[in-house]
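Biologist: I should like to learn how to read the features of a structural model in order. Could we take one element at a time?

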Amino acid sequence: MSGEMFVWDQLKKRLTGRDRQIDWFWALGFLLAAIVLFTVNLGYLPLRDWDEGIVGQVAREMTRSRLNWLYPQMVGNVPYFNKPPLVHWLIAFSYTFGGVNEWTTRLIPAMLTAFSVPILYGVSRELFAQRIGAIFTTCVYLTLLPVVRHGRLAMLDGAVLCFFLLLLWCLLRSRRDLRYALGAGIALGLLSLTKGIFLGVLLGVIALLFILWDTPRLLTSIYLWLGMILGLLPVGLWYLAQWQHYGLLFIDTNLKQESWRRIWEQVGGHQEGVWYYLLEILKYPWPWQFFGLQGLWLAWENRNFAWGKLVLLWTSIYLVAISFMSTKLPWYILPIYPAFSLAVGAYLAQVWSSREQDSGWIVEGEKTITPFSFPRYLWCFLALIAIVGWVGVIYFSGIIQTRQLMSPKEPDLQLLLGAVAMTMTIAAVLLHRRDRQFMIILFWGCYVSLLIFMTSDNWIWELAENYPVKPVAEIVKSSTPAGEVVRTSHPGTRPSLDFYSDRRVISVSPEEMKEVWMNNPSPYFLLDHPTLENSNFPNARIIKTIGGWNVVTKNR
């Protein structure tokens, strides 16, 4: 029996009622685990610059004017041209029921990312003959730090993961029921209405090439093309409405400045080398990157199977596309992680399902070499992570007190590193003893470690890179008239400050500040202490002060 016939035979066998019940059980279990991980401690920390502050502004302005639902704006009636407003619409709905706060701002993106977890399980069940491959794939995806952290933020990337996986699931299901192709077209429309037509084209090309390689007959399905029309029609109407309202300004800003220009020119100082995203994959998805190369090699060896085709097309096309873009941001890599999880999950499942004498371990003094054997040095890497974790536990306990080193006492980090160290220690020991149960330890330990991390104050570590935004925003809001533009000496714009203060706070140079002071009868400045002391503004009056920042205006 050929490989493809075997897969289809296995797929037919699992279409029984009991198998469907088991799949629903696993999907529900993964959904519940994802909801817990993606929503715990969700509204405790302030919104992050940049994306969260901008998304929050746009969604809140929608609740203030019906016109803003069609023509999105930020604070100060500034048109928002960056991305289509699907996620902003959903967050605005959450504002109408739960008020404007951090929890309602992050809830919709977090839930969409959480739903991507069982959808990936469904995708994996369509690709793998055995359920174990889908289970391992979903466990890897659920325990990836970049997916969990960025998926919890009020950003658009979690929705991109959800809609693209939904598109793939519908395409894979349509191989047995063409009506599911209708959902694939609608999912493509949702994807394009989330982050723009350029990303929709890129991910759509990946899906199209997969169809051409795997199931070209789907291209003749009326359901697919009808779904494309239904999905892309709202996208086209929204772009047409913006063009009619703003004219060439929208075309130049949205399509050229915010999308096309990022390909050949760095925007906002975010320029890195061509290897940037490879380094991101090596740095953050611990410990699963150790299995990544083996998973990709396994996909290459199984390129005649649907899962191998999808992984190879997905990783190669998307990684090359974003690597050669001039503008690089860490979250651009997120759409590749489901493919990464498929490769790693398939590899782990092969090892788990293989017999001991065929697994590549040393058995009775003889070593059997197979494509599914683990590198013998892998346990050393796990042991190294464990050692680093235990050192961190000691360091953040605060017991090291010398002239050269004063270690801080951080119970949250100590607990997190303790969980990581314990997980890696047990997994390294089991791996060294050739016990495949080390995979279960890694899955469970990584999930618990991420859960601990998300309950701490450190999961948005970028907040420590700048002054606390909420106290400063409070003095700006309480001491300036509504709608007032506030100038600040801070070198960069902070959208989160605009969100919390409900004022437009713009950064200006000292020369511009002096000009505004001379020509404006009632200017409002947000100045730090050194700038205020060196400014020598005549008739200056400090309205409020907090944390080294002052709201200043003229004496009347």
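Modeller: Let us begin with a helix, bearing in mind that this is a predicted model. A helix can be checked by comparing its span with the expected 1.5 Å a residue. Helix H5, residues 86-98, has 13 residues and reaches 19 Å from its first C-alpha to its last, close to the 18 Å expected.

Biologist: Which residues of H5 are buried?

Modeller: Burial is judged by relative accessible area, with under 20% as the cut-off for buried. In H5, that class holds Leu86, Val87, His88, Ile91, Ala92, Ser94 and Tyr95.

Biologist: Against which helices do the buried residues of H5 pack?

Modeller: Their partners are helix H3 (51-64), helix H4 (67-70), helix H6 (102-127), helix H9 (157-173), helix H10 (181-195) and helix H22 (495-501). Just after H5, Gly99 adopts a positive phi of about 80°.

Biologist: Which residues other than glycine have a positive phi, and where are they found?

Modeller: Asp502 is one of them, with phi near 60°, and it is found in the loop between H22 and strand E6 (504-507). Asn536 is another, with phi near 55°; its place is the loop between helix H24 (529-535) and strand E8 (540-546).

Biologist: Is Asp502 buried or exposed, and is Asn536 buried or exposed?

Modeller: Asp502 has a relative accessible area of 17% and is therefore buried. Asn536 is at 66% relative accessibility, so this residue counts as exposed.

Biologist: Let us turn to the peptide bonds. Which residues does a cis peptide bond join?

Modeller: Omega is the angle to inspect. The bond from Asp49 to Trp50 is cis, with omega near 0°, and Trp50 lies in the loop between helix H2 (17-39) and H3. A cis peptide bond also joins Trp286 and Pro287, with omega about -10°. Pro287 is placed in the loop between helix H14 (276-283) and helix H15 (292-301).

Biologist: How should I read a pocket, taking the second largest pocket as the case?

Modeller: One may take volume, lining and chemical class in turn. The second largest pocket has a volume of about 740 Å³. Its lining consists of 26 residues, and Leu145, Trp286, Leu416, Leu417 and Val420 lie nearest its centre. The elements that give two or more residues to this lining are helix H18 (378-395), helix H19 (411-432) and helix H20 (438-454). Trp286, one of the residues nearest the centre, also takes part in the cis bond to Pro287.

Biologist: How many residues of each class are in the lining of the second largest pocket?

Modeller: The lining has 19 nonpolar, 6 polar and 1 charged residues.

Biologist: What may be said of Thr423 in helix H19?

Modeller: Thr423 counts as buried because its relative accessibility is 8%, below the 20% cut-off. A polar atom of its side chain lies 2.8 Å from the backbone oxygen of Ala419. Apart from neighbours within four places in sequence, Thr423 is in contact with Ile441, Leu442, Gly445, Cys446 and Ser449.

Biologist: How many helices and strands does the protein have, and what part of its residues is buried?

Modeller: The secondary structure comes to 24 helices and 9 strands. Of the 556 residues, 54% count as buried. Among contacts with a separation of 6 or more, 72% are between residues 24 or more positions apart.

Technical notes:
Residues are numbered from 1 along each chain as its sequence is written. This is a predicted model: local features need pLDDT of at least 70, side-chain atom pairs count only at pLDDT 80 or more; totals for chains, interfaces and linings use all residues. Side-chain values use heavy atoms; hydrogens and water are left out. On a 1 Å grid over the protein atoms alone, a cavity is a set of points where a 1.4 Å probe fits but cannot get out, and a pocket is an open set with protein on both sides within 12 Å along at least five of seven lines; lining residues have an atom within 4 Å of a point. Grid points are joined across faces, edges and corners, and a volume is the space filled by probe spheres set on the points. Helices (H or I, at least four residues) and strands (E, at least two) are DSSP runs, numbered from the N terminus. Ala, Val, Leu, Ile, Met, Phe, Trp, Tyr, Cys and Pro count as nonpolar, Asp, Glu, Lys and Arg as charged, and the others, Gly among them, as polar. Buried means under 20% relative accessible area, exposed over 50%, partly exposed in between (1.4 Å probe, protein chains only). A polar contact is a pair of N or O atoms within 3.5 Å; within protein, one must be able to donate a hydrogen and the other to accept it, and residues adjacent in sequence count only if both atoms are side-chain atoms. Contact means heavy atoms within 4.5 Å. The expected span of a helix is 1.5 Å times one less than its number of residues.
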